[in-house]
Amino acid sequence: MPGPSVFSPVGVRLPNEKRPLHLAWSHAKELPLLAVAIEGGSVLLFREDGESFEDVVIRKREGGGDACVLRWSPRAPGGMGSLGLAIGWEDGTVSTWSEKERKTVEDADQHAPHAVSFIHFSPDSGRMITGDARSGGPAPLVLWKVDTQCRINTICVHRRASAGGLTHAAFRTTPTIKKAVTSAFAAAECPPHYFGGELGVVCCGNDMGVASDVVSGLGAPLSAMEYNEEHDLLVLITRASVLAVFRLTGPKPTQLSKVKLSMGKDGLRDATWAGGAKLAVVSADHLTRVTDMVGDENYVLSLTDVPAL
């Protein structure tokens, strides 16, 4: 018999019974907000008690299509200003909403007309990367500058034909060697970023517009890309259920392991860090597989005793 749940469900009322498409929680403890993309081209905000946050409704200025990616900034850009929500839309528009300014800015050029496939912020929220999974040509990885009012400006665009359509990316956020000469007015250093997708090739780029292929031979499109800051590890999972682990000690990643996962017929559903270097991998067979990337230990959690799953 399943034990008592430690969670209490809270209902959220959506307008006209619109279907929810995507969800994202903010990282701010003092203002936990839930962003919900619903069909019809709207993004709504809710407090943790399920009530609407000041009746905020975010829409694009022009065109139809729904939001397909939601991502909150980890903190207020520049350590000041306001919390920000970045939204990727089906028509390629990228927009950002400022919690303090209650304003939305958008760019409809970089990815149009292809749907945005991912959005990631740097740890200080001063930089952002976006991509799309277009076919028939190199897809752009766009690096943005984000100011204290969550306004965005393009820094550079990477296009790597070897990567194909882009589906995954990550910032390498481990501390870097500090410059000998610093200035109080100098911009924060942008961490390098890794990206890849449909062709199973991973590239690394910087804010100078330089990018190169650093991982190849995976043999299948990517299903997941996760970075572990504590151990400076890049973990890749392909649609062929192959898990490869790389240490980022130099200009090119060093492969530590490559194993075939048992994922069931429907393959990977999601992967995320479960604390330390433990990676939790979820498949459609009601099992969560947890693997310690450093200690080489693993165990399985069954979801068959969880109600409604």
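Q: Where is the place of Asn206 in the chain?
A: In this predicted model, Asn206 lies in the loop between β15 and β16.

Q: Why is Asn206 called partly exposed?
A: The relative accessible area of Asn206 is 29%. A residue is buried under 20% and exposed over 50%, and partly exposed in between. The value of 29% falls between these limits, so Asn206 is partly exposed.

Q: What makes the approach of the Asn206 side chain to the backbone nitrogen of Met208 a polar contact?
A: The side chain of Asn206 reaches that nitrogen at 2.9 Å. The cut-off for a polar contact is 3.5 Å, and 2.9 Å is within it, so the pair counts.

Q: Which residues does Asn206 touch, if those up to four places away in sequence are not counted?
A: They are Leu143, Cys156, His158 and His193. To be listed here, a residue must have heavy atoms within 4.5 Å of those of Asn206.

Q: How far apart are Asn206 and Cys190 in sequence and in space?
A: They are 16 residues apart in sequence, and their C-alpha atoms are 7.5 Å apart.

Q: Why is His158 called buried?
A: His158 has a relative accessible area of 2%. Buried means under 20%, and 2% meets that condition, so His158 is buried. The residue belongs to strand β12, residues 152–159.

Q: What makes the pair formed by the His158 side chain and the backbone oxygen of Asn206 a polar contact?
A: A polar atom of the His158 side chain lies 3.2 Å from that backbone oxygen. The limit is 3.5 Å, and therefore this distance is within it. Among the other residues that His158 touches are Pro140, His193, Phe195 and Gly209.

Q: Why are strands β15 and β16 said to pair?
A: Strand β15 covers residues 202–205 and strand β16 covers residues 211–215, and 4 bridges join them in the antiparallel sense. At least two bridges are needed for pairing, so 4 bridges satisfy the condition. Two of the partnerships are Cys204 with Ser212 and Val202 with Val215.

Q: What lies between β15 and β16 in the hairpin that they form?
A: There are 5 residues between the two strands, and Gly209 in the turn has a positive phi of about 85°.

Q: Why are strands β14 and β15 also said to pair?
A: Strand β14, residues 193–197, runs antiparallel to β15 and is joined to it by 4 bridges. The requirement is at least two bridges, so these strands pair. In this arrangement Phe195 stands opposite Cys203. The two strands form a hairpin with 4 residues between them, and Gly200 in its turn has a positive phi of about 70°.

Q: Which way do the residues of β15 point?
A: Val202 and Cys204 point one way, whereas Cys203 and Gly205 point the other way; all are buried. In a regular strand, side chains alternate between the two faces of the sheet.

Q: What makes Glu54 and Asp55 notable in their backbone angles?
A: Glu54 has a positive phi of about 55° although it is not a glycine, and Asp55 likewise has a positive phi of about 55° without being a glycine. Most residues other than glycine have a negative phi. Glu54 and Asp55 are both found in strand β4.

Q: Why do Glu54 and Asp55 receive the labels partly exposed and exposed?
A: Glu54 has a relative accessible area of 47%, which is not over 50%, so it is partly exposed. Asp55 has a value of 63%, which is over 50%, so it is exposed.

Q: Why is the peptide bond from Ala112 to Pro113 called cis?
A: Its omega is near 0°. Most peptide bonds are trans. Pro113 lies in the loop between β8 and β9.

Q: How much space lies in the largest pocket, and which residues are closest to its centre?
A: The pocket holds about 1100 Å³ of space. Of its 35 lining residues, Arg71, Ile119, His120, Ala169 and Glu226 are the closest to the centre. Strand β21 gives the most to the lining, with 6 residues. The lining divides into 21 nonpolar, 10 polar and 4 charged residues.

Q: How many helices and strands does the protein have?
A: It has 0 helices and 24 strands. Of its 309 residues, 45% are buried.

Note on methods: Residues numbered from 1 in each chain as written. Predicted model: local features only at pLDDT ≥ 70, side-chain atom pairs only at ≥ 80, totals over all residues. Heavy atoms only, no water. Buried < 20%, exposed > 50% of the residue type's maximum accessible area, 1.4 Å probe, protein only. Polar contact = N/O pair within 3.5 Å; in protein donor to acceptor, adjacent residues only side chain to side chain. 1 Å grid on protein atoms, 1.4 Å probe; cavity = no way out; pocket = protein on both sides within 12 Å on 5 of 7 lines; lining within 4 Å. Points joined across faces, edges and corners; volume = space filled by probe spheres on them. Nonpolar A, V, L, I, M, F, W, Y, C, P; charged D, E, K, R; others polar.
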